[in-house]
Amino acid sequence: MQEKDRAICLRCVNYSETSQVVTLLTRRHGKIACMAKGSKRSKSATDGPIEPFSFGPVVFSTPKGEGLAVLSEFSQESRFRPLRQNLFALNCGLLTAELIESFTENSDPHEGLFDATVSFLDTVQNRSRQNFQLADLIGFELTLLNEIGVGLVTQWCANCSTAFSNRWKYAYFSNEVNGLVCPGCESSFVDKTRLDVAAAAGLSQTENLKKLPLTVLETLHKAMLNHFTALLHRPPKLASFFLSQ
Ligand SMILES: [Zn+2]
């Protein structure tokens with residue numbers, strides 16, 4: 001059966017001289033892996049080769065059992081072309097594409113995640129300051145964790161449930177309890193990252209992230225990458241770019 005949807009490309013692999021296998025995040029059908037026959041020809045039904053962040057309406061048919069869907073049309077729009085001119089924004093986008101691919105199941109729709117991804121890429125590609133880009137990225141990562149049902153505990157201590165307060169001397173982040181840990185509980189946790197209270201305030205209220213200086217955001221993002229590494233049992237491929245900044 002032919003399905004119509006809007007899609008953003010998360011990843012593509014060359015299959016032959018002229019064809020690609022592409023992983024798409026669609027709005028209503030979730031993530032799908034598609035065979036795009038002849039997509040690398042300049043006059044193709046996919047408007048030429050598909051790249052990460054290719055975006056627009058798609059037509060595809062789903063297989064009966066396991067196997068690849070067949071992409072028959074992709075009307076590519078130029079919406080995310082500015083990403084290519086901005087290396088840091090591009091890497092932010094590539095990390096989110098990798099995380100979405102790793103943490104979502106095929107054919108499991110997440111309309112909220114699709115909308116958040118489009119909105120994040122729209123914003124990040126038009127920013128020129130790295131601190132705002134990193135704040136956007138952390139905000140998106142928190143949304144992703146919420147969407148896949150493993151949202152972080154950021155409003156109170158994940159161990160004793162004391163409400164988070166700006167009066168805490170420091171806050172701690174522990175992968176083990178999936179969120180913030182208060183100064184009174186931190187000694188019980190071996191694996192933890194110490195955060196400035198301002199950084200923890202950014203996690204509990206994402207509007208605060210944009211007020212944080214770059215160095216504080218970098219520490220916070222390292223904690224996020226560490227958390228994704230724990231969830232995936234390996235570091236995200238794009239982590240090395242951010243850790244070498
Ligand atoms: Zn506590």
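# Working through a two-domain fold

What covers the buried residues of helix 1 includes strand 1, strand 2, helix 2 (111-124), helix 3 (130-147) and helix 5 (214-232). Keep that in mind as you go through the exercises below; the model is a predicted one.

## Exercise 1: Get your bearings

Work out how many helices and strands the protein chain has, and in what order they run.

**Solution.** Start with the count: there are six helices and eight strands in the protein chain. Next, read the elements off from the N terminus, which gives β-β-β-β-β-α-α-α-β-β-β-α-α-α. Then check the overall packing. The radius of gyration is 20 Å and the globule rule gives 18 Å for 245 residues, so the chain is as compact as a globular protein of that length. Along its principal axes, the C-alpha trace spans about 60 × 40 × 25 Å. Finally, 36% of the 245 residues count as buried.

## Exercise 2: Find the two domains and where they touch

Say where the domains lie, and which strands of domain 1 supply the side that touches domain 2.

**Solution.** Split the chain first: domain 1 covers 2-74 and domain 2 covers 81-243. Their C-alpha centres are 29 Å apart. The contact draws 14 residues from domain 1 and 17 residues from domain 2. Now look at the domain 1 side, where strand 1 (2-14), strand 2 (20-26) and strand 3 (30-36) each put in at least two residues. Strand 3 gives the most, with four residues. Sort that side of domain 1 by class and you get seven nonpolar, three polar and four charged residues.

## Exercise 3: Look around V21

Decide whether V21 is buried, exposed or partly exposed, and find what it contacts.

**Solution.** Place the residue first: V21 sits in strand 2. Then count neighbours. Buried takes 20 or more other C-beta atoms within 10 Å, and exposed takes 12 or fewer. V21 has 18 C-beta neighbours inside 10 Å, so V21 counts as partly exposed. For contacts, skip the neighbours within four places in sequence; V21 is then in contact with V13, Y15, A33, M35 and L68. One more check: V21 and A36 are 15 residues apart in sequence, yet their C-alpha atoms are 5.9 Å apart in space.

## Exercise 4: Compare lengths and buried faces of two helices

Test helix 1 and helix 3 against the expected rise, then list what each one buries.

**Solution.** Take helix 1 (residues 87-103) first. Its 17 residues reach 24 Å from first C-alpha to last, close to the 24 Å expected at 1.5 Å a residue. Its buried residues are A89, C92, G93, L95, T96, A97, L99 and I100. To make sense of the spacing, recall that an α-helix has 3.6 residues a turn, so residues three or four places apart point the same way.

Now helix 3. Its 18 residues should span 26 Å at 1.5 Å a residue, and the end C-alpha atoms are 25 Å apart, which agrees. Buried here are Q133, L134, A135, D136, L137, I138, F140, E141, T143, L144 and L145. These residues pack against helix 1, helix 2 and helix 5. Just past the end, helix 3 is followed by G149, with a positive phi near 85°.

## Exercise 5: Trace the pairing of strand 6

Find which strands pair with strand 6, and in what sense.

**Solution.** Go one partner at a time. Strand 6 (residues 171-174) has A171 and F173 pointing one way and Y172 and S174 the other, and all are buried. That fits the general rule that side chains in a regular strand alternate between the two faces of the sheet. On to strand 8 (residues 193-195): three bridges join it to strand 6, and the two run antiparallel. In this pair, F173 stands opposite T193. Strand 7 (residues 179-181) also pairs with strand 6 in the antiparallel sense, over three bridges, and Y172 has V181 as its bridge partner there. Strand 6 and strand 7 form a hairpin with four residues between them.

## Exercise 6: Spot the odd phi angles

Say where F53 and N178 lie, and whether each is buried or partly exposed.

**Solution.** Begin with the background: most residues other than glycine have a negative phi. F53 is not a glycine, yet its phi is positive, about 75°. F53 lies in the loop between strand 3 and strand 4 (55-61), and F53 is buried because 20 other C-beta atoms lie within 10 Å. N178 is not a glycine either, and has a positive phi of about 65°. N178 lies in the loop between strand 6 and strand 7. With 17 other C-beta atoms within 10 Å, N178 is partly exposed.

Key
Residues numbered from 1 in each chain as written. Predicted model: local features only at pLDDT ≥ 70, side-chain atom pairs only at ≥ 80, totals over all residues. Domains from an automatic or database assignment. Contact = placed C-beta atoms within 7 Å. Nonpolar A, V, L, I, M, F, W, Y, C, P; charged D, E, K, R; others polar. Expected span 1.5 Å × (residues − 1). Rg over C-alpha atoms; globule rule 2.2 N^0.38 Å. Pairing = 2+ DSSP bridges.
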